[in-house]
Number of protein chains: 2
Amino acid sequence: MTVTPLLHLSGSEHLQAPADDELQRLDAYWRAANYLAVGMIYLQDNPLLREPLRPEHIKNRLLGHWGSSPGQAFIWTHANRLIKAYDLDMIYMSGPGHGAPGARGPVYIDGSYSERYPDKSLDETGLKKFFKMFSFPGHIGSHCTAEMPGSIHEGGELGYVLSHAAGSVFDNPELITVACVGDGEAETGPLATSWHINKFLNPIKDGAVLPVLHLNGYKIANPTILSRIDHEELDSLFRGLGWTPIFVEGCDPMEMHRKMAVAMEQAVLEIRAIQEQARSSGEAFRPRWPMIVLRSPKGWTGPQELDGKKIENFWRSHQVPIGDVKTNPDHLQLLEDWMKSYRPWELFDDSGAVREEIRALSPKGDRRMGSNPHTNGGVLRKDLRFPELRNYEVPVEIPGTTEKENTYPLGELIRDLISNNPGGYRLFGPDETASNRLQAVYETTKKAWMANFLPEDLNGSELSRDGAVVEMLSEHTLVGMMDGYLLTGRYGFFHTYEAFAHVVASMYNQHCKWLEHCEEIPWRAPIAPWNCLISSTVWRQDHNGFTHQDPGFMDLAGNKKGSITRVYLPADANSLLAVAEKALTETDVANIIVSDKQKHLQYLTLDEARRHVAKGAGIWEWACNDNCGIDPDEPDVVLASAGDIPTKECLAAIEILRSEIPHLKVRYVNVVKLFAMANPKDHPHGLSDRDFESLFTPDKPVIFNFHGYPWLIHRLTYNRPNHNNFHVRGYKEQGNINTPLELAICNQIDRFNLVIDVIDRVESLGSRAAHVKEQMKDEIHKHRAYAHEHGTDAPEINNWRWSLGRSSCNV
Amino acid sequence: MTVTPLLHLSGSEHLQAPADDELQRLDAYWRAANYLAVGMIYLQDNPLLREPLRPEHIKNRLLGHWGSSPGQAFIWTHANRLIKAYDLDMIYMSGPGHGAPGARGPVYIDGSYSERYPDKSLDETGLKKFFKMFSFPGHIGSHCTAEMPGSIHEGGELGYVLSHAAGSVFDNPELITVACVGDGEAETGPLATSWHINKFLNPIKDGAVLPVLHLNGYKIANPTILSRIDHEELDSLFRGLGWTPIFVEGCDPMEMHRKMAVAMEQAVLEIRAIQEQARSSGEAFRPRWPMIVLRSPKGWTGPQELDGKKIENFWRSHQVPIGDVKTNPDHLQLLEDWMKSYRPWELFDDSGAVREEIRALSPKGDRRMGSNPHTNGGVLRKDLRFPELRNYEVPVEIPGTTEKENTYPLGELIRDLISNNPGGYRLFGPDETASNRLQAVYETTKKAWMANFLPEDLNGSELSRDGAVVEMLSEHTLVGMMDGYLLTGRYGFFHTYEAFAHVVASMYNQHCKWLEHCEEIPWRAPIAPWNCLISSTVWRQDHNGFTHQDPGFMDLAGNKKGSITRVYLPADANSLLAVAEKALTETDVANIIVSDKQKHLQYLTLDEARRHVAKGAGIWEWACNDNCGIDPDEPDVVLASAGDIPTKECLAAIEILRSEIPHLKVRYVNVVKLFAMANPKDHPHGLSDRDFESLFTPDKPVIFNFHGYPWLIHRLTYNRPNHNNFHVRGYKEQGNINTPLELAICNQIDRFNLVIDVIDRVESLGSRAAHVKEQMKDEIHKHRAYAHEHGTDAPEINNWRWSLGRSSCNV
């Protein structure tokens with residue numbers, strides 16, 4: 001292995017600090033931003049302190065986080081300087097998004113805020129509103145929420161700023177994302193591993209992430225780990241993670257401006273030199289990208305002490321450093337002194353606008369970080385060039401008679417999405433693209449890999465410097481990357497193990513929340529769908545055992561808004577394709593698609609599948625015998641299923657019923673959109689009660705064979721017609737090392753138990769039915785014994801095919 | 001800041017490698033372990049290869065992970081040597097638990113396996129069963145599952161081996177836990193941050209973790225990141241994380257034995273020297289603990305190639321390296337050659353037992369890692385010394401008239417649990433012990449902190465070298481530590497933010513799965529409860545906004561087995577205490593306790609609370625007027641609630657109803673155990689249908705005001721009597737920056753909407769009711785307007801108290 005040498009910019013260590021007058025201007029900008037931050041937290045009136053501060057000027061409820069705000073404003077100040085100097089395409093992500101006041105001030109100064117919210121104008125009236133509306137009921141949040149221009153990363157839940165940043169610069173070669181990493185956030189697992197984004201960033205085709213670790217020193221009530229290890233350890237840590245740290249440490253503002261200006265410029269020049277070297281040579285290598293460690297006091301420039309207790313540079317400045325200003329005149333005076341320490345009279349003109357010479361330090365137009373179009377990525381998003389689905393169709397002549405890996409054609413589709421949408425489509429997965437049978441993508445692209453290569457990689461590893469597939473054993477990092485990619489206007493697809501999808505449960509929740517929030521923000525343009533294929537599903541975890549059996553991820557979707565959530569359970573390959581056609585082209589939604597990767601029976605032609613997906617749930621006529629002229633009435637029983645394995649077992653049960661109890665009128669309903677079951681007032685996929693009843697009858701027993709935990713179906717249908725007759729089977733936490741059939745039997749989703757369920761619930765079936773029930777019990781016993789002896793299912797199980805053809809009337 | 005010097009053991013670099021004959025013995029042991037690993041994956045007969053291998057000797061279905069098995073067996077081999085040499089109390093945790101064959105072989109060799117499972121005896125008959133039963137339907141799993149003696153870490157879901165290891169050695173000063181970290185696992189977020197466990201391990205009172213990073217090179221289909229960075233980076237990374245790496249790299253077995261023997265001895269001696277230095281001086285410091293980096297080929301000693309494709313030292317050896325041995329005679333021969341390369345005739349005696357001289361390399365009795373009692377921690381667990389609850393009782397004379405922080409007395413209780421159970425009780429939380437009002441614990445202990453101190457820590461940081469409180473901004477690490485602490489026989493309590501409890505959703509699932517699995521393993525002794533206090537709940541996230549509002553963590557519990565899951569929603573401080581008394585003393589359960597930290601109204605005396613918790617749900621007589629002799633019949637309506645805020649709003653609604661519509665007969669039911677609502681066949685807390693009906697009536701409208709997402713109640717009660725009349729209110733994903741009341745109004749759990757719900761659902765209330773409904777709408781309008789003007793709720797909301805006293809009959 002060879003060491004890629006660190007770049008040594010000629011003379012970069014000797015970069016000139018700005019002259020004193022420029023430093024003074026930078027400091028004025030920073031003072032303005034800090035003043036705005038304090039004002040947001042405290043004031044509802046008298047925004048320019050034109051009169052002495054009185055209790056009624058203070059908000060009744062003081063909210064917001066001062067602690068990291070000045071540090072974030074400091075970074076922003078210096079980023080602006082570099083954007084202007086080098087005409088950079090740069091955006092900012094706030095890891096410690098609670099410190100939004102520090103970022104929102106600059107967005108106001110650069111005019112972006114007033115453009116989106118004209119009543120928060122750049123004058124005294126607008127300023128007063130801008131202050132009051134911060135974290136005020138009915139108005140904007142206290143984090144870098146979706147309402148904030150320039151933000152695509154709220155920073156409410158911590159841990160994702162670097163993975164979001166990486167996603168934003170993938171295939172965006174000119175973009176530099178400054179990612180402020182809080183030292184509290186840095187303790188989270190997701191953040192700790194996301195420093196490895198540099199193993200996936202290609203200096204030719206991707207942009208750059210410039211991490212700024214903000215060593216603020218404290219969390220809510222504790223020091224942070226990284227601020228309390230030795231300098232040598234910290235330096236060693238980041239070099240070990242593949243970064244070249246540049247340290248900016250201190251507390252004296254002017255001294256710090258000088259250091260930061262040099263550090264930022266050095267970082268930007270190194271990034272440019274790296275890119276130049278890679279791009280001019282055409283040889284992508286892994287540079288030791290620069291990063292900045294900014295060690296500055298928590299609550300910097302705020303009150304030093306309060307009633308003898310340390311505030312600045314201590315955890316007590318985390319939120320509102322002086323709480324009782326409304327009732328304590330001395331403390332009110334302290335606040336006034338604090339705010340005046342920024343010399344507002346130097347910062348605002350007579351109209352109350354931030355002075356022109358300070359505003360002039362912001363970049364212009366789209367270069368403003370508050371207005372950079374990458375931070376409203378929907379405006380950059382191109383329509384997806386979606387290939388003709390017919391190319392991937394799996395031929396199906398007689399349903400249920402041939403097998404195919406359901407996900408393989410999806411891989412072909414994704415392959416063509418990647419090639420049709422160059423630089424705009426990526427596939428993310430922990431380590432299982434081939435295992436999940438999506439390997440057709442390798443016909444057009446490879447896996448991105450910027451770490452070291454070995455000769456054997458040429459034969460079987462599918463690695464390359466510029467692949468559109470990203471694999472890392474961190475679901476957090478992958479989903480974070482995909483989030484960042486989508487939010488900057490591109491398309492992505494994530495696939496993972498069902499049981500371990502829970503690892504990113506909170507990320508799913510947070511992305512849904514972002515989209516839900518955006519529904520109320522008209523200027524946010526629609527973004528591409530968040531896609532998650534859940535494969536290696538519960539019913540094929542018979543061999544990995546109990547810990548790998550958990551189909552509960554779908555349940556999360558039920559708690560989020562129906563306008564955002566989509567859950568699909570296609571039973572075969574064409575259904576999965578038809579789902580993809582619908583799901584991957586919708587915007588502002590989060591799709592969960594459940595489809596196992598192994599071979600499964602095929603049922604529907606592509607046309608049938610498209611019609612089926614359009615409805616969401618429907619009768620598969622060829623599986624029914626309730627419409628064969630015996631009697632025009634309703635069936636005796638409805639069997640229904642959602643998911644690949646449950647569908648197979650359900651159909652096998654129907655075959656037994658139709659053979660053994662031929663006079664029983666059976667209807668079969670397949671559900672491909674989970675939320676077809678939901679009430680239409682709760683979800684756009686919801687069937688009307690009338691349609692629901694036309695499928696599930698007003699009063700007949702319904703045996704529903706579900707992929708997931710059975711209660712999810714009850715939860716969706718409790719107020720539906722005929723719900724009292726619903727009997728739902730699903731995974732009920734029974735499993736160990738089993739065969740596939742045995743696992744199904746343990747949870748009673750297998751064909752034999754379904755037959756028993758029918759017999760138990762349909763009245764007047766006669767003595768024949770009792771006999772069949774005993775037969776079924778024998779079958780169960782026999783098959784478990786077979787499994788325990790042979791370690792596999794019997795051939796008649798593995799080779800079972802639907803034998804009744806396309807005719808529904810062969811009774 | 002001073003740098004704590006690395007220890008330099010005199011001459012440790014020059015430790016003597018074992019003599020050749022000892023190396024040969026070690027190698028024989030390792031070959032035996034490897035032979036066993038291969039046998040487990042492949043054979044169902046002919047375990048000693050006494051006859052030529054034939055297809056019928058091969059299992060029908062080949063499962064198991066060969067890739068990391070030889071490396072794990074290698075570590076185990078050398079750990080045994082050190083245990084014997086230094087009489088160590090040492091256990092092993094397998095991060096890559098899929099490689100269980102590598103660990104299960106040694107557990108068989110040391111006799112632990114046969115002691116637990118006598119039919120897997122140390123002879124040919126037992127060996128045949130031992131092979132066949134591996135990953136075989138109806139038998140043991142393919143990971144280090146709970147069935148495996150010596151394992152408390154299954155390694156199925158990746159990421160937690162170091163945090164589990166840290167938990168195991170907390171307050172176990174003599175224990176050394178060897179934690180094998182897979183290089184795939186090392187990419188996960190939870191693992192990446194868990195290297196920081198060394199900031200919490202005290203060399204005086206805690207034992208030591210010896211991480212062995214197994215640089216196996218590959219995951220399922222990819223190289224691993226840490227195996228593909230430069231040596232300098234790797235070394236720098238671990239030094240930066242505070243460890244002293246010792247590298248053992250190569251592939252020649254004898255050379256590697258030599259290096260590993262020295263490295264392990266050096267590591268153990270350094271650990272002992274560190275402990276000696278700290279313990280003799282009484283001064284706890286943070287050493288740069290040793291760790292080992294073992295770079296060995298994936299699938300080491302397995303087939304080099306198959307059909308011209310690279311196997312050993314490549315990803316293709318991840319699982320079963322040769323798949324078709326049953327049908328391909330050449331490949332069958334390859335397998336036989338491979339197995340014979342271990343020279344089984346040297347390893348087993350005539351009876352088929354592993355030879356005595358090989359078994360003699362294992363430690364004896366409890367020193368065997370397969371039998372160390374720490375790996376069945378329930379046997380070491382002492383009964384919890386639980387203090388008298390009366391000490392913490394909050395006086396309540398008239399219900400609903402005084403306020404108190406509900407969690408404060410719980411903090412006092414935990415304080416005394418810590419002091420009553422020294423070295424056996426720990427409190428874990430991300431950064432919020434004080435914020436969650438548990439600060440009374442600091443009267444008896446502090447926060448563990450082994451990183452650097454600053455002078456200001458003395459005044460307000462509550463840090464110390466030996467605290468029983470562990471705070472780190474990584475829920476993953478904390479829960480992992482607690483898991484490890486519980487599984488080794490101690491007690492712990494975790495508390496966290498409600499919305500971000502989802503971060504550890506999969507860890508909750510996995511711990512429940514472990515406990516569920518243990519129900520079928522009689523030799524596993526019961527362990528202490530897994531406790532999670534969910535505080536900073538949804539209804540008090542009006543100020544943090546939408547992203548901090550998610551009460552869905554409870555929903556997870558509904559999908560796990562009722563024998564394990566417990567969810568409590570105490571409405572006041574004494575209820576929380578009574579819950580704690582029950583919950584914290586139960587074994588083999590996972591408790592979720594939802595209780596906000598802010599001030600709330602108090603309702604029950606401790607005696608009342610104890611009775612209430614015993615039942616799980618009950619009528620609060622003083623809030624009802626359905627039993628006041630007006631009419632002996634049932635009420636007109638039942639109002640019910642679960643959770644602190646929903647209860648307050650529900651009672652306020654009742655007060656309005658009783659004042660405005662006095663002839664309406666209202667019953668109030670409080671639910672403190674969520675699963676009281678469940679069917680008793682699904683959960684031991686479930687009320688009988690008869691009791692359920694006696695609370696909720698057979699046919700009257702029920703308005704249920706729930707803390708969480710409302711559908712959870714429907715999901716639990718869909719098959720209960722009177723469910724069709726249940727109308728559930730809860731969080732329905734509506735919120736932004738609000739006041740508390742406004743947030744309640746958005747989701748219609750507020751008093752005014754509840755009154756409207758009652759009026760809408762109770763028939764024949766007359767025109768007065770219609771008027772009241774209009775009044776309620778006015779109230780809602782008025783209060784939202786107030787909130788938007790003032791930023792707070794009106795004083796009459798904040799100061800609302802129950803005015804109807806203890807008499808239920810003041811109509």
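Of the interface residues of chain B, 99% are also interface residues in chain A, so the copies meet through the same surface; contact here means heavy atoms within 4.5 Å. This is a predicted model, in which local features need pLDDT of at least 70 and side-chain atom pairs count only at pLDDT 80 or more, while totals for chains, interfaces and linings use all residues. Residues are numbered from 1 along each chain as its sequence is written, chains are lettered from A in the order in which they are written, and side-chain values use heavy atoms, with hydrogens and water left out.

A turn of 180 degrees with a shift of 0.0 Å along the axis lays chain B on chain A with an RMSD of 0.0 Å. That is the relation of a two-fold axis. In chain B, B:Gly189 has the C-alpha nearest the axis, at 1.9 Å from it. The superposition is by least squares on the C-alpha atoms of residues with pLDDT of at least 70 in both copies.

Most residues other than glycine have a negative phi. Two residues with a positive phi are listed here.

| Residue | Phi | Loop |
|---|---|---|
| A:Asn722 | about 70 degrees | between α21 (711-717) and β22 (726-729) of chain A |
| B:Asp307 | near 50 degrees | between β6 (305-306) and β7 (309-310) of chain B |

Helices (H or I, at least four residues) and strands (E, at least two) are DSSP runs, numbered from the N terminus. A:Asn722 counts as buried, at 9% relative accessibility, whereas B:Asp307 counts as exposed, at 64%. Buried means under 20% relative accessible area and exposed over 50%, with partly exposed in between (1.4 Å probe, protein chains only).
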